[in-house]
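Please open the model in your viewer and keep the sequence panel visible beside it. The tour below proceeds selection by selection.

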Amino acid sequence: MTTTDTTTAASTTASTPVSHWVNGQPYAGNAERSAEVFNPATGQVSSRVALAGAEDVEHAVAAATAAFPAWRDTSLAKRTAILFTFRELLNARKHELAEIITAEHGKVLSDALGEITRGQEVVEFACGIADLVKGGMTENASTNVDVYSVNHPLGPVAIISPFNFPAMVPMWFFPLALATGNTVVLKPSEKDPSASLWLAELLGEAGLPDGVFNVVQGDKVAVDSLLTHSDIKAVSFVGSTPIARYVYETATAAGKRVQALGGAKNHMLVLPDADLDLAADAAVNAGFGSAGERCMAISALVAVGPVGDELVAKITERMNNLTVGDGRRNCDMGPLVTKDHRDKVASYIDAGERDGAVVVADGRTVTPNGDEAGFWLGPTLLDQVTPGMSVYTDEIFGPVLSVLRADTYEEGLELINSNPYGNGTAIFTNDGGAARRFRDEVQVGMVGVNVPIPVPVAYYSFGGWKSSLFGDAHAYGHHGVSFYTRTKVVTERWLDPSHGGINLGFPQND
Ligand code: NAD
């Protein structure tokens with residue numbers, strides 16, 4: 001196989017590329033391209049990943065299409081039994097998956113376990129699909145006429161996921177897609193591709209028939225093939241806003257149902273009456289957990305009134321105790337996912353400094369507990385940030401927390417509502433009336449009150465507003481069930497001589 005580098009090599013330690021997964025087994029594929037996969041904590045290339053071409057996507061979609069009729073007709077009891085077994089296996093072996101995630105993404109092991117647990121919640125929700133997917137029934141809607149609805153699966157569906165949650169984001173979607181009777185082609189991020197194969201293998205061990213869940217590794221070429229493939233009925237995408245918009249426009253133009261979740265700039269509003277210790281803890285946890293590579297990370301803190309200086313001091317004090325290093329070494333924060341990304345985030349700190357922000361804590365000078373060649377950037381706090389600075393206007397997706405000042409609640413709210421993103425936000429206050437007002441007035445899809453990362457539990461749905469989501473359906477919860485099903489309504493009567501006769505008028509109830 002000839003290979004094409006998509007990133008700069010450090011050194012190659014493995015020669016067999018991470019493969020695709022089709023029809024219940026690894027599939028090497030026909031494409032001649034592959035990309036390097038790094039261990040971000042060492043800076044070394046740990047493997048390569050195959051990058052699918054259109055032919056490989058065709059092979060995976062053909063498997064999902066062939067498996068669909070039998071899976072659709074498999075009883076609800078059997079489908080949920082398989083998901084239940086999958087849940088048990090996942091729960092027992094999640095440490096294996098966490099190690100795979102840490103090795104390719106860099107996040108610390110406890111955080112990798114956390115993402116698996118949040119994904120597992122959706123599996124548990126999907127185990128109750130029998131109740132969630134049932135339709136309604138009305139007897140005698142008209143004399144001797146019954147009406148009922150049934151929810152059908154769509155067919156083969158595509159899931160395209162980002163690097164930052166290689167297990168949780170696929171699990172936001174595939175449990176419900178499978179439980180409702182669809183078959184799946186997952187295209188994970190090429191930066192951390194191995195978790196998807198582990199999940200595919202585990203689904204097989206749980207009893208999922210071959211071809212029901214498939215994985216194609218790849219980049220834009222694979223995504224484009226999925227978005228326009230006539231047998232793919234729906235697309236669930238998560239990633240940055242420009243790509244989410246592109247995916248939404250391309251796949252809807254090809255006649256598909258699409259939910260495309262995009263980027264974020266999440267604000268935390270701290271009112272003068274807030275518990276500042278609680279707020280400082282929350283800002284540090286939500287700003288620097290997973291090295292800020294979370295779509296629900298807090299990246300802009302808006303201090304209202306006189307609390308700014310005290311809050312910055314409390315946050316800085318806490319940041320001094322954070323340890324940065326190899327995710328396997330019991331540190332608080334790991335490296336960034338690639339060198340390019342690390343350098344891009346660092347360049348935002350440079351720009352913020354040039355624009356007049358005060359660098360209170362500087363992650364560029366971090367001393368990590370890890371290999372020197374890792375992609376390190378420590379937690380960074382920028383104070384006196386103003387709305388025109390690029391560090392504020394852009395999604396940075398790294399461990400950089402910007403502090404802005406507002407004189408009033410209204411000024412803080414206006415800042416949040418005029419931001420193009422609307423994924424998550426939080427207010428910190430002890431005033432119930434102010435919190436209630438914020439909850440009502442803020443133009444954001446997920447809101448926390450004294451909770452900094454308000455990721456909804458599995459029986460609600462996850463989704464932002466504005467440029468953080470394209471499409472009508474949020475992920476998982478009841479939105480997920482309706483996204484992966486279409487409803488048929490049946491109006492039925494059983495023949496009786498009294499119903500004979502010709503009448504060309506519009507049917508009316510009697
Ligand atoms: P990304 O947009 O670069 O990639 C996401 C997916 O799209 C990957 O599978 C990638 O291979 C594919 N892709 C990349 N470029 C493409 C192109 N030109 N055409 C077609 N497909 C392409 O995102 P990322 O860097 O992997 O993840 C980080 C981003 O994801 C951040 O913006 C973050 O906010 C966002 N995110 C959002 C949520 C959410 O729920 N809203 C959750 C997690 C991550």
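Helices and strands are DSSP runs, of at least four residues for helices (H or I) and at least two for strands (E), numbered from the N terminus. The coordinates belong to a predicted model.

**Backbone stops.** Select Asn-140, which is placed in strand β5 (residues 137–142). Asn-140 is not a glycine, yet its phi is positive, at about 60°. The residue is partly exposed, with a relative accessibility of 48%. Move next to Gln-384, in the loop between β15 (380–383) and α12 (390–393). Here, too, phi is positive in a residue other than glycine, with a value near 60°. Gln-384 has a relative accessibility of 38% and counts as partly exposed.

**A buried proline.** Select Pro-175 in helix α5, which covers residues 168–179. Is Pro-175 buried or exposed? Its relative accessible area is 0%, so Pro-175 is buried, the cut-off for that class being under 20%. Display the side chains of Leu-83, Val-122, Val-123, Ala-126 and Pro-170: Pro-175 is in contact with these residues, neighbours within four places in sequence being left aside. For a sense of scale, add Val-359 and draw the C-alpha to C-alpha distance from Pro-175, which is 44 Å across a sequence separation of 184 residues.

**Salt bridges.** The whole structure contains 26 salt bridges. Begin with Glu-205 and Arg-93, whose closest N and O atoms are 2.9 Å apart. Glu-205 belongs to helix α6 (residues 194–205) and Arg-93 to helix α2 (residues 76–105), so this pair ties together parts 112 residues apart in sequence. Both partners are partly exposed, Glu-205 at 44% relative accessibility and Arg-93 at 25%.

Select Lys-220 and Asp-224 next, where a salt bridge has an N to O distance of 3.0 Å. Both residues lie in helix α7 (residues 220–228), four residues apart, which is about one turn of the helix.

Continue to Glu-353 and Arg-364, a salt bridge with its closest N and O atoms 3.0 Å apart. This pair links distant parts of the chain, eleven residues apart: Glu-353 is in helix α11 (residues 339–354), and Arg-364 is in the loop between β14 (358–361) and β15. Then select Asp-277, Asp-281, Lys-314 and Arg-318, which are joined into one network by salt bridges that share partners.

**A charged surface patch.** Finally, show Lys-233, Arg-257, Arg-486 and Lys-488 together; these residues gather in a patch of positive charge on the surface. Among them, Lys-488 lies in strand β22 (residues 485–492) and is partly exposed, at a relative accessible area of 45%.

Technical notes:
Residues are numbered from 1 along each chain as its sequence is written. This is a predicted model: local features need pLDDT of at least 70, side-chain atom pairs count only at pLDDT 80 or more; totals for chains, interfaces and linings use all residues. Side-chain values use heavy atoms; hydrogens and water are left out. Patches are made of residues with over 30% relative accessible area and no salt bridge: like charges are joined within 9 Å, nonpolar side chains (Val, Leu, Ile, Met, Phe, Trp, Tyr) within 5 Å. Accessible areas come from the Shrake-Rupley method with a 1.4 Å probe; for residues, only the protein chains shown count as cover. A salt bridge is a side-chain nitrogen of Lys or Arg within 4 Å of a carboxyl oxygen of Asp or Glu. Lys and Arg count as positive and Asp and Glu as negative; His and the chain ends are not counted. The place of a charge is taken as NZ of Lys, CZ of Arg, CG of Asp or CD of Glu. Buried means under 20% relative accessible area, exposed over 50%, partly exposed in between (1.4 Å probe, protein chains only). Contact means heavy atoms within 4.5 Å.
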